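Open your viewer, switch to a cartoon view, and keep the selection box handy. We will take a short walk, one selection at a time.

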Amino acid sequence: MTRVLVVDDEPQIVRALVINLKARKYEVDSASDGTTALQLAAARHPDVVVLDLGLPDMDGVEVIKGLRGWTRVPILVLSARHSSDEKVQALDAGADDYVTKPFGMDELLARLRAAVRRAEPTGGGDDDVIVDAAGFTVDMAAKKVNRAGKDVRLTPTEWHLLEVLVRNTGRLVSQKQLLKEVWGPSYGTESNYLRVYMAQLRRKLETDPSHPQHFITEPGMGYRFEK
């Protein structure tokens with residue numbers, strides 16, 4: 001069964017999430033602060049984390065950074081913060097998705113399923129491909145990227161975005177197509193997600209992120225991967 005770690009200091013939200021998740025056969029652990037969340041994640045190895053940003057002992061972004069130091073587990077952020085800057089900060093730290101409070105339970109569960117699905121390995125004959133780009137190598141089967149002899153740590157969402165672009169090497173992939181393939185059919189207009197994650201891929205993989213050679217922006221249209 002899929003194990004979910006719920007991190008929120010509002011007991012009524014935790015209770016609602018635990019009831020709804022367990023009713024759908026998820027295993028659930030919960031924490032009301034960041035310190036406990038990091039300890040539980042290390043001990044229980046959840047398959048997905050649902051994380052509130054407003055915690056009593058530390059900001060949720062610090063929890064994201066703590067998790068990203070050792071795991072690629074999908075992180076779904078819950079927060080009453082509405083500003084785009086705060087959302088981008090959470091995504092930039094390594095979160096995979098963002099749901100603003102108050103939220104609908106059906107929407108949150110759909111986002112959670114999508115986050116878990118993106119993190120799962122996929123089968124298929126064309127996965128046994130190693131793509132050599134100038135400066136780094138993408139192993140599609142192992143879901144790994146190697147740069148200068150070292151593995152590059154990517155979040156599940158970063159990997160999924162890279163995978164879609166690499167499978168379409170040399171071809172323009174529209175913003176809407178990328179959003180739908182990586183985040184799901186309801187994300188056709190969230191172009192700020194793409195800007196954040198493309199910046200992260202460039203920072204991790206380009207020799208000069210400010211002058212990208214591999215992750216090319218086609219203004220107003222989309223993105224293209226070149227070897």
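Begin with the open sheet of this predicted model: five strands, paired in parallel, in the order β2-β1-β3-β4-β5. Now select residues 27-31 and 97-100, which are β2 and β5. These two strands stand at the edges, and each has a single partner strand, so one side of each has no neighbour in the sheet. Going from one strand to the next, the twist averages 20°.

Next, pick residues 75-79, strand β4, and keep β5 in view. The two run parallel and are joined by four bridges. For one pairing to look at, show Ser79: its bridge partner in β5 is Thr100.

Now add residues 84-93, helix α4. This helix lies across β4 and β5, and runs at about 145° to β5.

Move on to the loop between β5 and α5 (105-119), where you will find Pro102. Show Lys101 as well: the peptide bond joining Lys101 and Pro102 is cis, with omega about -5°.

Two backbone stops remain. Which loop holds Lys25? Lys25 lies in the one between α1 (11-23) and β2. Its phi is positive, near 70°, and Lys25 is exposed, with a relative accessible area of 61%.

Finally, select Ala148, in the loop between β8 (144-147) and β9 (150-152). Here phi is near 55°, again a positive value in a residue other than glycine. Ala148 is exposed too, at 73% relative accessible area. Why pause at such places? Most residues other than glycine have a negative phi, and most peptide bonds are trans.

Key:
Residues are numbered from 1 along each chain as its sequence is written. This is a predicted model: local features need pLDDT of at least 70, side-chain atom pairs count only at pLDDT 80 or more; totals for chains, interfaces and linings use all residues. Side-chain values use heavy atoms; hydrogens and water are left out. Two strands pair if DSSP finds at least two bridges between them. Axes are lines fitted to C-alpha atoms, for helices over the stretch in contact, and angles run from 0 to 180 degrees between N-to-C directions. Contact means heavy atoms within 4.5 Å. Buried means under 20% relative accessible area, exposed over 50%, partly exposed in between (1.4 Å probe, protein chains only).
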